[in-house]
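Reader: I should like to go through the terms used for this structure and ask what each of them rests on. Please begin with the contacts between side chains and then turn to the pockets.

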Amino acid sequence: MNDWGAHLRGPRSGSVMRVFLAASTNPFDLKAALLAGHAQHPVIIHFPIALFIASAVFELLAVWRKQAVFASVAYYNLLGAALTVPLAIATGLGAWRWQLEGAALKGNLRLHMVCALTSASLIFFLCWMRSRLRAKGFSPGIGYFAVTLLALMMTTLTGHLGGILSGVEAP
C-alpha cells in the first residue's frame with residue numbers, strides 16, 4: 001500500500017506526536033471540560049457583551065440611516081444579550097465558587113460582582129424598555145440612549161475588573 005503522507009512526516013514525526021498527545025488532556029473528556037473550574041466564564045461572557053455592543057451600534061445606525069431593518073437587528077441583538085446574561089452570571093458564580101474557593105467578596109472581586117449585576121440589570125431594563133417601544137411602534141428617545149450609554153460604561157468597567165481578576169490585565 002502506498003503511504004501518500006510519508007514524505008510530509010519525516011522520520012521523527014511519530015515520536016513528536018506521541019509527546020504532544022501525552023502532554024495534552026483528553027479532548028473528548030466532557031466531564032473535565034464542563035467542570036474545569038472557571039473555564040466557561042471567560043468564554044461565555046463574550047456573548048452578552050458582544051451582542052449588547054452590537055445592539056447599541058445598530059440602534060445608532062437605525063437613527064442615523066432611518067432604516068427600520070437596523071432597529072430590528074438592534075432589538076434582536078439586545079434580546080440575545082438579555083438571554084445570555086444569566087448564563088454568564090451563573091458561570092461567573094461558578095468561577096468564584098470553584099477557582100476562588102468561595103473567597104470573601106472584597107476589593108476588586110466585590111466590585112466586579114456589583115458591576116456585573118448592575119450591567120445585567122441595565123441590559124434587562126433596556127430589553128424591557130425596547131420591547132415596549134417596539135410593540136407601540138415608537139423609536140427610542142434620549143432616555144433610552146442615556147441608559148444604553150450608562151450600560152456600556154458599566155459593562156466596560158465590569159470587563160476591566162474581570163480582566164484584572166483573571167490576570168489578563170495588570171492592576
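**Contacts and pockets**

Author: In this predicted model, the side chains of R130 and E59 meet in a salt bridge, with 3.0 Å from N to O.

Reader: Why is the contact of R130 and E59 called a salt bridge?

Author: A salt bridge requires a side-chain nitrogen of Lys or Arg within 4 Å of a carboxyl oxygen of Asp or Glu. R130 and E59 are 3.0 Å apart, N to O, and therefore the pair satisfies the cut-off of 4 Å. A search of the whole structure finds 1 salt bridge.

Reader: Which parts does the pair of R130 and E59 tie together?

Author: R130 belongs to helix α7 and E59 to helix α5, so the salt bridge links parts that are 71 residues apart in sequence. Both R130 and E59 are buried, a term that stands for under 20% relative accessible area.

Reader: What makes L79 partly exposed rather than buried or exposed?

Author: Buried means under 20% and exposed over 50%. L79, in helix α6, has a relative accessibility of 27%, so L79 counts as partly exposed. From L79 to R130 the C-alpha distance is 9.4 Å, although the two are 51 residues apart in sequence.

Reader: How do you know that R65 lies over the face of W64?

Author: For Arg, the criterion asks that CZ be within 6 Å of the ring centre and within 35 degrees of the ring normal. R65 is 4.9 Å from the ring centre of W64 and lies over its face, so the distance meets the 6 Å limit. As for pairs of aromatic rings, the whole structure has 4 of them.

Reader: What makes up the lining of the largest pocket, by class?

Author: The largest pocket, with a volume of about 890 Å³, is lined by 34 residues, and the closest to its centre are H41, I45, H112, T158 and G162. By class, 20 of the lining residues are nonpolar, 13 polar and 1 charged. Helix α7 gives the largest share, 8 residues, while α4, α5, α6, α7 and α8 each supply at least two.

Reader: Why is R130 counted as charged in the lining of the second largest pocket?

Author: The second largest pocket holds about 230 Å³. Of its 15 lining residues, the closest to the centre are A71, R130, F138, S139 and P140. Arg belongs to the charged class, together with Asp, Glu and Lys, and therefore R130 is counted there. This lining divides into 7 nonpolar, 4 polar and 4 charged residues, and α5, α6 and α7 each supply at least two.

Note on methods
Residues are numbered from 1 along each chain as its sequence is written. This is a predicted model: local features need pLDDT of at least 70, side-chain atom pairs count only at pLDDT 80 or more; totals for chains, interfaces and linings use all residues. Side-chain values use heavy atoms; hydrogens and water are left out. On a 1 Å grid over the protein atoms alone, a cavity is a set of points where a 1.4 Å probe fits but cannot get out, and a pocket is an open set with protein on both sides within 12 Å along at least five of seven lines; lining residues have an atom within 4 Å of a point. Grid points are joined across faces, edges and corners, and a volume is the space filled by probe spheres set on the points. Helices (H or I, at least four residues) and strands (E, at least two) are DSSP runs, numbered from the N terminus. Buried means under 20% relative accessible area, exposed over 50%, partly exposed in between (1.4 Å probe, protein chains only). Rings of Phe, Tyr and Trp (its six-membered ring) pair if their centres lie within 6.5 Å; planes under 30 degrees apart count as stacked, over 60 as edge-to-face and the rest as tilted.
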